[in-house]
Amino acid sequence: MAPIQHLLELKDIEITAPNRENPDKGPVNVLAQGVTLAVDAGQIVPIVGPSGSGKSTLLRMLVRLAPRSNGEILFEGKAIQTYPPCKFRTMVAYLPQVPVMFPGTVLDNLKTAFQYRSIGQAAPSDDQLANLLEAIGLKRAMLTQRADRLSGGESQRVALLRTLLIEPHLLLLDEPTSGLDPESSRHIVDYVRDWVKQERRAALWVAHDQTVVERLGAEPWSFAR
């Protein structure tokens, strides 16, 4: 019988960060060791733990933006380093806590990814994008607004929608509701939770807010040692 293939597998990962405060004690700090986790399609995993425990570093490691010193990371049964980087980042999408807005309007931002050959699909129509803005709690008229004039919370929601539009298999979210009021936060949690279930995708969600963890309705996971 063939072994079960998980969407994502972490096997005995060590998470480190540059040791800038005490470099005489070594070039890196070890934040966590022996990190092991399996994630399946349709699953959201809330990642919890104290500040500085390596939660954000883990997400960056999963998209090859932070080095991995040992252990193994498998995505759909293959080592992540075997995937071409551009293709891999359409399948595994990372949304940092403070997202970057590209020059131009919200519409320009939402259509940016579709300029690249690796996406392999046409951009949604302006009307479809306006409907999606409403679905995440923003006004249709915002489509023509300059992206650099968005509030922090608006930028987070636009960046989330921009990420979901490329239809990743795995979504990596670093506190995506930190700049939102409680009602907007609940709306985004529900939206992502439903997206994961309906599309049979998966998400890792770094969270400090216990109400967010509870609303996600999944067992929180911590690798802090």
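**Entry 1. Terms and model**

I take helices (H or I, at least four residues) and strands (E, at least two) as DSSP runs, numbered from the N terminus. The model I am reading is predicted.

**Entry 2. Helix 6**

I started with helix 6 (182–199). I looked up its start: a side-chain oxygen of Asp-181 reaches to within 3.1 Å of the backbone nitrogen of Glu-183 there. After the helix comes Arg-200, and I read a positive phi for this residue, near 55°.

I then checked the length. At 1.5 Å a residue, the 18 residues of helix 6 should span 26 Å, and the end C-alpha atoms are 26 Å apart, so the two values agree.

Which residues of helix 6 are buried? I listed Ser-184, Ser-185, Ile-188, Val-189, Asp-190, Val-192, Arg-193, Trp-195 and Val-196. The general spacing rule is worth noting beside this list: an α-helix has 3.6 residues a turn, so residues three or four places apart point the same way. I also looked up what these buried residues pack against, and found strand 3 (44–47), helix 5, strand 7, strand 8 and helix 7. Helix 6 lies across strand 3, strand 7 and strand 8, and I noted an angle of about 150° to strand 8.

**Entry 3. Ser-185**

I picked one residue of helix 6, Ser-185, for a closer look. Is Ser-185 buried or exposed? Its relative accessible area is 8%, so I put Ser-185 down as buried, the limit being under 20%. The Ser-185 side chain makes a polar contact with the side chain of Thr-177, at 3.5 Å. Leaving aside neighbours within four places in sequence, I found Ser-185 in contact with Thr-177, Leu-180 and Val-212.

**Entry 4. The parallel sheet**

Next I traced the sheet with the order 3-8-7-6: it is open, has four strands and pairs in parallel. Strand 3 and strand 6 are the edge strands, each pairing on one side only. I noted an average twist of 10° from one strand to the next.

How many bridges join strand 3 and strand 8? I counted four, in the parallel sense. Ile-44 has Ala-203 of strand 8 as its bridge partner, and Ile-47 stands opposite Val-206 in strand 8. I checked the faces of strand 3 as well: both are covered, with Ile-44 and Pro-46 buried on one side and Val-45 and Ile-47 buried on the other.

Helix 1 packs on this sheet, where I found it touching strand 3, strand 6, strand 7 and strand 8. The direction of helix 1 makes about 150° with that of strand 7.

**Entry 5. The antiparallel sheet**

The other sheet I looked up is open too, with four strands in the order 2-1-4-5 and antiparallel pairing. Strand 2 (28–39) and strand 5 (78–79) are at the edges with a single partner strand each, so one side of each has no neighbour in the sheet. Strand 4 (72–75) pairs with strand 5 over two bridges, in the antiparallel sense. I noted Leu-74 with Ala-79 of strand 5 as its bridge partner.

Helix 1 (55–62) packs on this sheet, touching strand 1 (8–18), strand 2 and strand 4. Here I read an angle of about 120° between the directions of helix 1 and strand 1.

**Entry 6. Cores**

I turned to the largest nonpolar core, which has 39 residues. Which members touch the most other members? I listed Leu-110, Leu-133, Val-158, Leu-160, Leu-171, Val-192 and Trp-205. Among the elements giving two or more residues to this core are helix 4 (126–135), helix 5 (152–164), helix 6 and strand 8 (202–206). A second, separate core has 30 residues, including Ile-15, Val-35, Leu-37 and Val-92.

I followed the contacts of Trp-205, not counting residues up to four places away in sequence. They include Val-45, Pro-46 and Ile-47, and also Ile-188, Val-189 and Val-192.

**Entry 7. Loops and positive phi**

I found Gly-54 in the loop between strand 3 and helix 1. Gly-54 counts as buried because its relative accessibility is 6%. From Gly-54 to Val-30 I noted 24 residues in sequence and 9.1 Å in space, C-alpha to C-alpha.

I also looked for positive phi in residues other than glycine. Asp-12, which is not a glycine, has a positive phi of about 55° and is found in strand 1. Arg-64 has a phi near 65° and is in the loop between helix 1 and strand 4. I put Arg-64 down as partly exposed, at 30% relative accessibility.

How values were computed: Residues are numbered from 1 along each chain as its sequence is written. This is a predicted model: local features need pLDDT of at least 70, side-chain atom pairs count only at pLDDT 80 or more; totals for chains, interfaces and linings use all residues. Side-chain values use heavy atoms; hydrogens and water are left out. A nonpolar core is a set of buried Ala, Val, Leu, Ile, Met, Phe, Trp, Tyr and Cys residues joined through side-chain atoms within 4.5 Å. Buried means under 20% relative accessible area, exposed over 50%, partly exposed in between (1.4 Å probe, protein chains only). Contact means heavy atoms within 4.5 Å. The expected span of a helix is 1.5 Å times one less than its number of residues. A polar contact is a pair of N or O atoms within 3.5 Å; within protein, one must be able to donate a hydrogen and the other to accept it, and residues adjacent in sequence count only if both atoms are side-chain atoms. Two strands pair if DSSP finds at least two bridges between them. Axes are lines fitted to C-alpha atoms, for helices over the stretch in contact, and angles run from 0 to 180 degrees between N-to-C directions.
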